[in-house]
Amino acid sequence: CRFVVLVSGRGSNMRAIVQALRDRVLPAEVCAVVSSSPDAAALDWAREQGIATVVVPHRNYASRELFDQALAQAIEAYRPDYVLLAGFMRVLTTGFVERFNGRLVNIHPSLLPSFPGLHTHQQALAMGVQWHGCTVHFVTPVLDHGPIIAQGVVPVLAGDTPADLAERLLCLEHQVYGEVARWLAEGRVTLDAMQRVQVRGVA
Ligand code: GRF
């Protein structure tokens, strides 16, 4: 199973995915890491690991459509089965999403459908929720909205700042995204006719 991971920054989820796929004897690998920014720290780590890296700098493109076309070409050169968004900070066009339909997966730092978009930890604290979490989902043209594959939950504690909550959640994001990458590699994840996710072998 071939994965391409898309990043824009730090890349801690990308590292978790690479490590999760290495931890087990799986015929699966991250073939390339593609970044929308040349400065992403994710790129340095991937290069150290001997993983191919590609930069498609979004600033070089006059429109979202042109950027997405270049991005799609960069990705397809690696013939991935799945494209995993891991801290990828660009909104993708419908054309791009449809091109990778059923193969494009994202992690979002909230319990969707609550708190789509940015600043999810602030949103959670402002709403006074007692539980926060992350969601790994298939990407559809509606932002942060596709069929849910897996979620993880953390408590919100008294006195939490957005940074506290983000840090607590990030550890869980790594576990959940790593687990989902393994499920995908094992061919256990399917979408049913209702666009609901079925994961074989998980209660
Ligand atoms: C994560 O919190 C992810 O959920 C969100 O952006 C952050 C990226 O962190 N989409 P990293 O680049 O994976 O370290």
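**Questions about a mixed sheet and its core**

Biologist: Let's start with one strand pair: how many bridges join β2 to strand β3 (residues 52-55)?
Modeller: Helices (H or I, at least four residues) and strands (E, at least two) are DSSP runs numbered from the N terminus, and two strands pair if DSSP finds at least two bridges between them. In β3, A52 is the bridge partner of A32. The strands β2 and β3 run parallel, and the bridges joining them number four.

Biologist: Before we go on, what kind of model is this?
Modeller: Residues are numbered from 1 along each chain as its sequence is written. Local features need pLDDT of at least 70, side-chain atom pairs count only at pLDDT 80 or more, and totals for chains, interfaces and linings use all residues, since this model is predicted.

Biologist: Thanks! Which residue of β2 is the bridge partner of L6?
Modeller: Strand β1 (residues 2-7) pairs with β2 in the parallel sense, over six bridges. Within β2, the bridge partner of L6 is V34.

Biologist: Is strand β2 largely enclosed or open, and how many of its seven residues are buried?
Modeller: A residue counts as buried if 20 or more other C-beta atoms, placed from the backbone, lie within 10 Å of its own, as exposed if 12 or fewer do, and as partly exposed in between. Strand β2 covers residues 29-35 and is largely enclosed by the rest of the structure, because the buried ones among its seven residues number five.

Biologist: Which strands stand at the edges of the sheet?
Modeller: Seven strands make an open sheet with mixed pairing, in the order β3-β2-β1-β4-β5-β6-β7. Each edge strand has a single partner, so one side of it is left without a neighbour in the sheet; these strands are β3 and β7 (148-155).

Biologist: And which residue of β6 stands opposite I107?
Modeller: Here the sense is antiparallel: strand β5 (residues 104-108) pairs with strand β6 (residues 131-138) over four bridges. Opposite I107 in β6 stands V136.

Biologist: Is D44 buried or exposed?
Modeller: D44 sits in helix α2, and this helix (residues 41-48) joins β2 and β3 in a β-α-β unit that is right-handed, meaning that with the strands pointing away from the viewer the path from the first strand over the helix to the second runs clockwise. With 12 other C-beta atoms within 10 Å, D44 is exposed.

Biologist: Now L85: which residues does it touch, beyond those up to four places away in sequence?
Modeller: L85 belongs to strand β4 (residues 82-85) and is buried, as 21 other C-beta atoms lie within 10 Å. A contact needs C-beta atoms, placed from the backbone, within 7 Å. Sequence neighbours up to four places away aside, L85 touches L6, V105, N106 and V139.

Biologist: Which helix gives the most to the largest nonpolar core?
Modeller: Such a core is a set of buried Ala, Val, Leu, Ile, Met, Phe, Trp, Tyr and Cys residues joined through C-beta atoms within 7 Å. This one has 52 residues, and V5, I17, V33, L84, A86 and A181 touch the most other members. With eight residues, the helix that gives the most to this core is α6 (residues 162-185).

Biologist: Last one: what is the radius of gyration of the protein chain?
Modeller: The radius is taken over C-alpha atoms, and the globule rule is 2.2 Å times the number of residues to the power 0.38. For 203 residues a compact globule would come near 17 Å, and the chain agrees with that, at 16 Å.

Definitions and conventions: Contact = placed C-beta atoms within 7 Å.
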